[in-house]
Amino acid sequence: MSYKLSIISGARGIAKLISERPFENPNDFMRFVLKTYNARGVLGIVTELLEYQQKSSSEGRKTVERASGVFVDLNEITTDNVPDISIGIHIHLYYADLAKDMARYVSRVPLPVSLYVSVATENAKLIAEEAFGHLDCCAALDVRIVQNRGRDIAPFVVEFSKEIRKHEIIAHIHSKKSLYNEGATGNWREYLLSSLFPDRQGIIKIIGLLSSKKYGLIYPQCFHDLPYIANTWLANYNTAITWSKRLGLSKVPYGYIDFPVGSMFWARVESILPLYEAGIKLEEFVEEAGQTDGTLAHCLERMLGILPLSRGHELGILRDSKNPSWSKWRFEQYTNRPNRRIANLIQSSQTKLVLFDIFETLITRPLLFGDRIKDILEARLAEKGIHGFKAVRINAEKKARIGTGSDVTLLEIYSVIEPADGWGPLNQIMQLEIEIEINAVSPRHAVIDLFRSALAANKRVALASDMFLPRDVIKRMLDDCGIVGWSEIYLSSDIGYRKDSGAMYQHIMKSEQLSPSEILMIGDNEHSDVQIPQDAGIKTAHIMRPAALLRSVPRFSRFIPSENLDDINAQIVFGVFSQKFYSDLTNREFQPNDITGNNPYKAGFMILGPAICSFSSWLIEEVRSNQIDTLHFLSREGKLLKSAFSLWAEGLPDLPECKYLLTSRRAITVPNIKNLDHIQLIAKSSNYLGGSADQFFRERFGIELSQTDWGFLEQKNIWLRRNRITIQHGDISEIRDLLAHFEHRIISSAVAEAAPMHVYLKSQFGDDTRRNAVVDVGYSATIQRNLVDFTGRKIDGLYLATDEDSQGPCQERGVFAKGCFVHATPKNLNAPIFYQQSFILEKMLSADDTQLIKFEGSGVPVYKEEIINEKTKLVRSEVQKGALDFVRAARDIRGRLHSNFRVPSGLATSLFEEFVGNLSADEQIMLSQIGLDDDYCGRGLVN
């Protein structure tokens with residue numbers, strides 16, 4: 001595609017395309033502009049943008065399926081359109097004295113709406129008719145007296161079901177007073193109402209968002225004075241499981257969820273339609289008795305956030321501008337809490353017993369969701385030819401619990417399983433499950449320090465867990481993790497009482513002969529370790545599950561797996577991350593916009609580590625499928641890749657020989673030169689971005705230009721020394737005469753370098769016919785092709801990424817060049833971010849070794865002068881240490897827990913692209929400290 005554009009029209013084209021926002025992230029656009037301008041100028045920018053726009057419009061922009069709500073800032077939305085759409089508002093007016101206040105908010109609606117008001121008494125009905133009937137926006141008013149049953153939810157889904165279903169958009173509000181918490185959330189109602197009815201324009205914007213059909217529900221961020229644990233199911237999870245099928249849900253999420261806490265919102269009726277199709281009857285709501293949780297109304301309040309997502313809509317969360325928080329769930333309450341708070345509770349003279357939960361509190365498993373340990377059992381059994389056991393195991397546990405009146409043991413669970421042909425003895429499967437459970441656990445050191453501090457304070461310390469595993473198994477886990485010295489262990493499988501029913505706490509108080517105020521419960525479960533003991537008067541200290549904190553990081557939320565995700569490997573990767581970096585009791589330095597922050601070790605562990613581990617798995621597959629005998633890891637990036645491969649391959653059979661091959665583009669291309677065509681090919685092989693001619697000929701061809709040379713060149717007007725060389729897209733027209741002038745000297749230099757290079761390569765490749773492949777970061781396979789030409793051998797290439805320039809030349813030589821994460825990508829704007837931002841990957845991967853220039857004599861390497869500074873070495877060393885530590889952790893999991901574990905390539909790509917595509921300020925600082933010399937392209941040391 002070509003365009004005859006002037007500078008002015010080019011600028012206009014750019015402005016037009018910018019206004020159409022072809023990029024999701026402004027940083028991506030700026031990186032594109034700088035990169036393309038350097039390579040192709042203004043015309044190139046416009047050309048690339050137009051091509052990108054055409055492809056986007058024809059293929060559709062790829063979007064990430066969200067598993068949670070997203071912040072919406074009404075101040076950033078512009079709209080002049082008033083949607084022509086049917087709107088209703090349901091108002092549950094239990095407290096009639098708030099009628100005028102609520103009418104004040106509703107009066108801000110600038111559109112005609114139908115009002116549906118539920119009240120408790122005849123007098124309240126009269127008050128409501130007076131308060132709402134005269135509003136300008138009131139197109140119709142329907143006030144009904146309802147039973148005080150099911151709070152505000154029952155009238156919304158039962159009484160006015162038929163009427164609400166007639167509308168496209170509905171709002172739901174109620175006269176909240178929250179008397180149960182003694183005024184602790186006194187401004188909660190005002191906050192919710194002012195967020196949902198801010199002013200005329202704000203309401204139009206909310207309705208516009210819903211009318212776009214992108215959003216199914218719009219609601220305010222969780223109120224700042226509510227405890228963050230309110231954003232979980234609390235006492236309602238089992239009810240949700242029971243109701244899920246009736247509401248058309250195959251599964252419901254666990255842990256922290258997005259929903260309108262306080263049950264006030266705007267919604268597209270179609271997004272919550274299952275509430276009205278389920279045929280819910282008023283009698284299914286329990287009678288009002290001051291319940292604070294655990295009713296059907298509380299469950300359906302949470303389902304309001306689940307249903308729109310299940311129907312393909314997003315949740316829009318109105319950000320609290322007066323009390324801002326990065327966390328939808330107000331996790332700053334946890335991350336910012338004082339370090340001494342729990343220690344003070346332990347040391348209090350009133351505390352006689354410190355009670356610790358076990359799983360995810362004292363010990364953790366490398367999974368986002370602990371119950372997914374059954375997937376590992378399923379995978380291990382599949383290796384033995386036993387399939388489908390997970391479902392059998394889950395159903396057996398449900399069956400064993402029926403009618404027992406108490407908790408069950410693992411032996412009781414297995415006793416109700418009917419053996420199938422080919423399974424072998426059930427006892428062996430049970431022992432395998434126990435083995436997996438034991439091998440999965442690791443100590444959570446921050447909490448173990450608390451445990452030891454309680455012992456040091458001469459407190460009685462006991463452990464409590466809802467768990468089916470036998471006491472001896474739990475004790476072995478604790479011993480293996482260094483958790484010793486406790487006085488008693490209370491296991492539901494042992495005593496029959498569970499924490500999540502409250503019965504275990506009553507049993508403990510009776511057994512220990514203590515009052516509730518004398519007990520401190522420390523645990524991770526918001527319901528069984530916090531809500532239930534608090535209701536009983538027991539002091540609590542919540543220790544968040546590491547995985548819950550990791551899942552809250554905004555930059556993970558778009559692609560982090562849910563507990564329903566089938567890929568157990570992704571669950572493990574994030575589980576390892578959570579164990580490593582999210583296990584502290586507080587995190588006052590927590591920065592929500594970071595993945596790694598200015599922490600090179602963390603960048604290595606979470607970004608580079610998964611990439612090179614996934615690459616190592618892919619290498620093994622390629623080696624086996626292509627019967628490769630020897631892998632040659634190319635210097636300098638190959639040093640770390642070889643180390644990672646060696647770690648990952650430990651204990652695996654049928655692996656190739658691995659060598660570290662000293663080479664560089666400069667070192668291998670020059671000995672291959674035979675004529676001027678070769679010289680020109682090298683000149684145009686890579687862009688050269690404004691370096692001097694001296695540097696160009698030294699780096700590309702190994703010759704030094706003398707004063708005599710320059711005198712002649714300038715006298716003959718061939719080239720001025722002050723002029724810079726720029727080569728873009730293979731255009732060498734400006735320097736053809738310059739190259740021709742030095743042809744004979746370059747060929748002489750090539751001849752001199754060829755013999756030593758032959759000596760070295762023969763020492764590496766030998767004379768046999770073994771199949772060889774080079775391993776490197778990749779792209780155009782330049783070194784590979786030159787090795788093939790120079791040695792006359794078939795040498796394949798295995799790379800992190802390849803572009804389109806790698807394929808034809810390799811095929812002509814009868815070899816392949818394959819890319820793991822990116823293969824044969826076009827070299828344009830549509831190339832994956834992994835490819836476009838690969839220089840960051842090179843900086844992290846590179847060894848501190850100086851660049852190889854050539855070989856001399858009997859194959860002795862000659863290197864460039866070192867220009868990498870100590871700061872770069874220090875930072876890169878930490879990055880690479882973190883990366884190799886991740887590979888070790890992954891290898892250990894494969895060895896002890898899940899033999900088929902590997903890092904999914906798509907996940908490794910997503911992590912890298914999220915990291916480089918949205919670098920925080922601290923991450924930019926960290927990366928800027930890593931330099932990489934790029935004299936070959938005329939850029940010098942690049943940070």
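These are my notebook entries on a predicted model of a protein.

**Entry 1. The whole chain**

I began with the overall counts. The protein has 943 residues, and 57% of them are buried. I found 39 helices and 26 strands. Along the principal axes, the C-alpha atoms fill a box of roughly 105 × 70 × 55 Å.

I then looked up how the contacts are spread along the sequence. Of the contacts with a separation of 6 or more, 76% are between residues 24 or more positions apart.

For the surface, I noted an exposed area of about 39,600 Å², with carbon and sulfur atoms supplying 48% of it. I recorded 110 positive and 116 negative side chains. The centres of these two sets lie 2 Å apart.

**Entry 2. Helix 7**

I asked how many of the nine residues of helix 7 are buried. Seven of them are, so this helix, residues 188-196, is largely enclosed by the rest of the structure. I listed the buried residues as W188, R189, Y191, L192, L193, S195 and L196.

I next asked what covers the buried residues of helix 7. The cover includes two helices, helix 3 (99-106) and helix 8 (200-211). It also includes strand 5 (169-174), strand 6 (215-220), strand 7 (265-268) and strand 8 (314-318).

**Entry 3. Two helix pairs**

I looked up the packing of helix 25 (residues 600-626) and helix 36 (residues 838-845), and recorded an angle of about 105° with the axes 11 Å apart. An angle from 65 to 115 degrees counts as roughly perpendicular, and helix 25 and helix 36 are therefore roughly perpendicular to each other. From helix 25, the contact is made by A603, L608 and I612. Helix 36 contributes L841, M844 and L845.

I then turned to helix 32 (residues 743-765) and helix 33 (residues 782-791). Their axes cross at roughly 95° and come within 11 Å. This pair is therefore also roughly perpendicular. On the side of helix 32, I noted A754, M757, H758 and L761 in the contact. On the side of helix 33, I noted L787, F790 and T791.

**Entry 4. Backbone details**

I looked up where a cis peptide bond occurs, and found one joining S635 and R636, with omega at about 5°. R636 lies in the loop between strand 16 (630-634) and helix 26 (637-649).

I also noted positive phi values in residues other than glycine. E360 has a phi near 70°. It sits in the loop between strand 9 (353-357) and strand 10 (363-364). Is E360 buried or exposed? Its relative accessible area is 12%, and the limit for buried is under 20%, so I entered E360 as buried.

H729 has a phi near 50°. I located H729 in the loop between strand 19 (724-727) and helix 31 (736-741).

**Entry 5. Three single residues**

I looked up S465 in strand 12 (residues 460-465). S465 is buried, at a relative accessible area of 2%. Leaving aside neighbours within four places in sequence, I found S465 in contact with D357, I358, F359, Y490, L491, S492, K499 and M504. Of these contacts, D357 belongs to strand 9 (353-357).

I looked up Q680 next, which is in helix 28 (residues 676-685). Q680 counts as buried, with 15% relative accessibility. Which residues does Q680 touch, not counting those up to four places away in sequence? They are I732, R736 and L739. R736 and L739 fall in helix 31 (736-741), whereas I732 is in the loop before this helix.

My last residue was D567, in the loop between helix 23 (546-551) and helix 24 (568-581). D567 is partly exposed, with a relative accessible area of 29%. Leaving aside neighbours within four places in sequence, D567 is in contact with R372 and P904. I also looked up D567 against D935, which is 368 residues away along the chain. The C-alpha atoms of D567 and D935 are separated by 43 Å.

Note on methods: Residues numbered from 1 in each chain as written. Predicted model: local features only at pLDDT ≥ 70, side-chain atom pairs only at ≥ 80, totals over all residues. Heavy atoms only, no water. Buried < 20%, exposed > 50% of the residue type's maximum accessible area, 1.4 Å probe, protein only. Helix = DSSP H or I, 4+ residues; strand = E, 2+ residues; numbered from the N terminus. Contact = heavy atoms within 4.5 Å. Areas by Shrake-Rupley, 256 points an atom, 1.4 Å probe, with all protein chains shown as cover. Lys, Arg positive; Asp, Glu negative; His and termini not counted. Charge placed at Lys NZ, Arg CZ, Asp CG, Glu CD. Axes fitted to C-alpha atoms, helices over the stretch in contact; angles between N-to-C directions. Parallel < 35°, antiparallel > 145°, perpendicular 65-115°, else oblique.
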